[in-house]
Amino acid sequence: MIDDYNEKVSSKNGDISDLGPHEITNRNDVSSNSAQKLKKSRFFQKFRNTDDQEEVVAVAKPKESVSLLNLFRYATKLDLILMLFGTASGLANGVILPIMIIVFGGILSKFTSRSTDACTLNFTALAIESCPEGYTLSASNYFSSLSICKFNLTFDLQSEITQQTLYLTGIGCASIVLSYFQV
């Protein structure tokens, strides 16, 4: 025997019915699941082309595009101001990373400029001006002779690094504030 949905049903008033090619269940247990299977079978029958049932399959309409004006037609002036402020904060937050790279590069150049400046110095002229008589100044003993010779050149590395670190701290605080307003 075949029901309305082309499923085989046993002709006896017994307890077993054949629901599908691989499923045999007890008819008494099917009462809760039968409604779900019935909905599922009706859903999939919409997509079948059977000669017995001529149902109209819903054709998907092309999605209408919405203009920018229609997208924000229910937004108040406060909503628009907040969206513009969030967009500007997002742009400023995006600019922070390149600025941090530039400042970090400045920190690295402070470390390396100390040694490259020592390579460009005229050690003979510095020894005559600043060191005691007979002292030989070279690139290898330049930094060790800072206490012996009285150079007019100052390498205040700590204050230069402190200044760059303060820049990074300010940029980090600005990033936190801008990322809060971006959301």
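Asn 93 touches Ser 175, Leu 178, Ser 179 and Gln 182, when residues up to four places away in sequence are not counted. Asn 93 lies in helix H3, and the structure discussed here is a predicted model. With a relative accessible area of 19%, Asn 93 is classed as buried, because the cut-off for that class is under 20%. Of the residues that Asn 93 touches, Ser 175, Leu 178, Ser 179 and Gln 182 fall within the range of helix H5, residues 157–182.

A second set of contacts involves Gln 164, which is found in helix H5. Gln 164 is buried, at a relative accessible area of 11%. Apart from residues up to four places away in sequence, Gln 164 touches Val 103, Gly 106, Ile 107 and Lys 110. Helix H3 runs over residues 77–120, and these partners of Gln 164, namely Val 103, Gly 106, Ile 107 and Lys 110, carry numbers inside that range. Besides Gln 164, the buried residues of H5 are Ile 161 and Ile 171. In an α-helix there are 3.6 residues a turn, so residues three or four places apart point the same way.

The length of helix H5 was compared with expectation. Helix H5 has 26 residues, which at 1.5 Å a residue should span 38 Å; the end C-alpha atoms are 37 Å apart, and the two values therefore agree.

In the protein as a whole, the secondary structure consists of five helices and two strands. The order of elements from the N terminus is β-β-α-α-α-α-α. The protein has 183 residues, of which 15% are buried. Among contacts with a separation of 6 or more, 46% are between residues 24 or more positions apart. The exposed area of the protein is about 15,100 Å², and 61% of this is supplied by carbon and sulfur atoms.

Residues 80–108 are covered by the annotation "transmembrane region" in the UniProt record, an unreviewed entry. In the model, the chain over residues 80–108 is 100% helix and 0% strand. The C-alpha atoms at the two ends of this stretch are 43 Å apart.

A nonpolar patch on the surface is formed by Val 66, Leu 68, Leu 71, Phe 72, Leu 80 and Met 83. Together these residues have about 560 Å² of accessible area. Helix H2 (68–71) and helix H3 each supply at least two residues of the nonpolar patch. One of the patch residues, Leu 71, has its place in helix H2. Leu 71 counts as exposed because its relative accessibility is 55%, where the class requires over 50%.

The loop between helix H4 (123–130) and H5 contains Leu 146, and Ile 148 is found in that loop too. Leu 146 is partly exposed, with a relative accessible area of 34%. The C-alpha atoms of Leu 146 and Cys 131 are separated by 9.3 Å, although these residues are 15 residues apart along the chain. Ile 148 is likewise partly exposed, at 41% relative accessibility. Between Ile 148 and Pro 132, which are 16 residues apart in sequence, the C-alpha to C-alpha distance is 7.9 Å. Ile 148 is in contact with Pro 132 and also with Tyr 135, neighbours within four places in sequence being left aside.

Terms used: Residues numbered from 1 in each chain as written. Predicted model: local features only at pLDDT ≥ 70, side-chain atom pairs only at ≥ 80, totals over all residues. Heavy atoms only, no water. Patch = residues over 30% accessible without salt bridge, like charges linked within 9 Å, V, L, I, M, F, W, Y side chains within 5 Å. Areas by Shrake-Rupley, 256 points an atom, 1.4 Å probe, with all protein chains shown as cover. Salt bridge = Lys/Arg side-chain N within 4 Å of Asp/Glu carboxyl O. Helix = DSSP H or I, 4+ residues; strand = E, 2+ residues; numbered from the N terminus. Buried < 20%, exposed > 50% of the residue type's maximum accessible area, 1.4 Å probe, protein only. UniProt positions renumbered as here; feature names shortened; annotations may be inferred. Expected span 1.5 Å × (residues − 1). Contact = heavy atoms within 4.5 Å.
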